Amino acid sequence: MGIILTKSEQGRKEYDNVMMASFAVGGSVGFLLLLHTYLILNYWSTVEYGALYHENIFKNYSYCEAWQKVFGSNCLLWLVPCGSPDPLEGIDYKADCSPAGLE
């Protein structure tokens with residue numbers, strides 16, 4: 001036998017469900033925003049995160065340099081989804097290791 005809810009109790013239950021879903025989605029998006037900001041500032045990708053967590057070969061970059069390497073030097077274009085004016089920008093990097101076979 002089911003429980004019969006009044007309209008106000010039904011509305012409250014729906015409101016609670018919507019709020020719970022909103023907090024879950026907001027928390028997930030907030031976590032991903034913080035994680036990817038951390039990765040950008042360390043000049044890592046998500047794959048490199050596991051490998052470079054203890055030994056960062058890109059430690060020569062400041063946070064500002066890493067941010068500019070990812071988004072480009074023109075701060076007016078950071079939030080505009082367009083390509084880099086220089087297609088070779090971001091290919092060179094300074095790392096604290098020598099290539100394999102050249103040691």
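Three aromatic pairs are found in the structure. In one of them, the ring centres of tyrosine 38 and tryptophan 44 are 5.9 Å apart and the ring planes meet at 85°, so this pair is edge-to-face. The model described here is a predicted one. As a reminder for reading these values, a pair of aromatic rings is described by the distance of the centres and the angle of the planes. The two partners differ in their cover: tyrosine 38 is partly exposed, at a relative accessible area of 37%, whereas tryptophan 44 is buried, at 10%.

A second pair joins tryptophan 67 and tryptophan 78, whose ring centres lie 6.1 Å apart with planes at 70°, so it too is edge-to-face. This pair links distant parts of the chain, since tryptophan 67 belongs to helix α3 and tryptophan 78 to the segment after α3, 11 residues apart. Both rings belong to residues that are partly exposed: the relative accessible area is 24% for tryptophan 67 and 28% for tryptophan 78. Phe71 joins the picture here, as ring pairs link Trp67, Phe71 and Trp78 into a cluster.

It helps to set these rings against the overall fold. The protein chain has three helices and zero strands, and from the N terminus on its elements run α-α-α. Among the helices are α1, covering residues 7–41, and α3, covering residues 63–71. Of the 103 residues of the chain, 12% count as buried. The chain exposes about 8,600 Å², and carbon and sulfur atoms supply 65% of that area. Among contacts in the chain with a separation of 6 or more, 46% are between residues 24 or more positions apart.

One link between distant positions can be followed residue by residue. Valine 70 lies in helix α3, while tyrosine 43 sits in the loop between α1 and α2, the latter spanning residues 46–52. In sequence these two residues are 27 residues apart, yet in space their C-alpha atoms are 7.7 Å apart. Once neighbours within four places in sequence are left aside, valine 70 is in contact with Ile40 and Tyr43. Valine 70 is partly exposed, with a relative accessible area of 42%, whereas tyrosine 43 is buried, with a value of 14%; the latter counts as buried because its value is under 20%.

The backbone of tyrosine 43 also deserves a look. Most residues other than glycine have a negative phi, and most peptide bonds are trans. Tyrosine 43 is not a glycine, but its phi is positive, at about 60°.

Beyond the segment that holds helix α3, the surface carries a nonpolar patch. Leu76, Leu77 and Val80 form this patch, and together they have about 280 Å² of accessible area. Leucine 77 is found in the segment after α3, as is tryptophan 78. At a relative accessible area of 32%, leucine 77 is partly exposed, and this value is over the 30% that patch residues need.

Turning to charged side chains, the count of salt bridges comes to one. In general terms, side chains of opposite charge can pair when their charged atoms come close. Here, aspartate 16 forms a salt bridge with arginine 12, and the closest N and O atoms are 3.7 Å apart. Both residues lie in helix α1, four residues apart, about one turn of the helix. Aspartate 16 counts as partly exposed, at 35% relative accessibility.

The cysteines complete the account. A disulfide is a covalent bond between the sulfur atoms of two cysteines. The structure holds zero disulfides. For cysteine 64, the nearest cysteine sulfur is that of cysteine 75, 10.0 Å away, and cysteine 64 is in no disulfide. Cysteine 75 is likewise in no disulfide, with the sulfur of cysteine 64 as its nearest cysteine sulfur. The pair does not qualify because a disulfide needs sulfur atoms within 2.5 Å, and these sulfurs are 10.0 Å apart. At 49% relative accessibility, cysteine 64 counts as partly exposed.

How values were computed
Residues numbered from 1 in each chain as written. Predicted model: local features only at pLDDT ≥ 70, side-chain atom pairs only at ≥ 80, totals over all residues. Heavy atoms only, no water. Patch = residues over 30% accessible without salt bridge, like charges linked within 9 Å, V, L, I, M, F, W, Y side chains within 5 Å. Areas by Shrake-Rupley, 256 points an atom, 1.4 Å probe, with all protein chains shown as cover. Salt bridge = Lys/Arg side-chain N within 4 Å of Asp/Glu carboxyl O. Helix = DSSP H or I, 4+ residues; strand = E, 2+ residues; numbered from the N terminus. Buried < 20%, exposed > 50% of the residue type's maximum accessible area, 1.4 Å probe, protein only. Phe/Tyr/Trp six-rings, centres within 6.5 Å; stacked < 30°, edge-to-face > 60°. Contact = heavy atoms within 4.5 Å.
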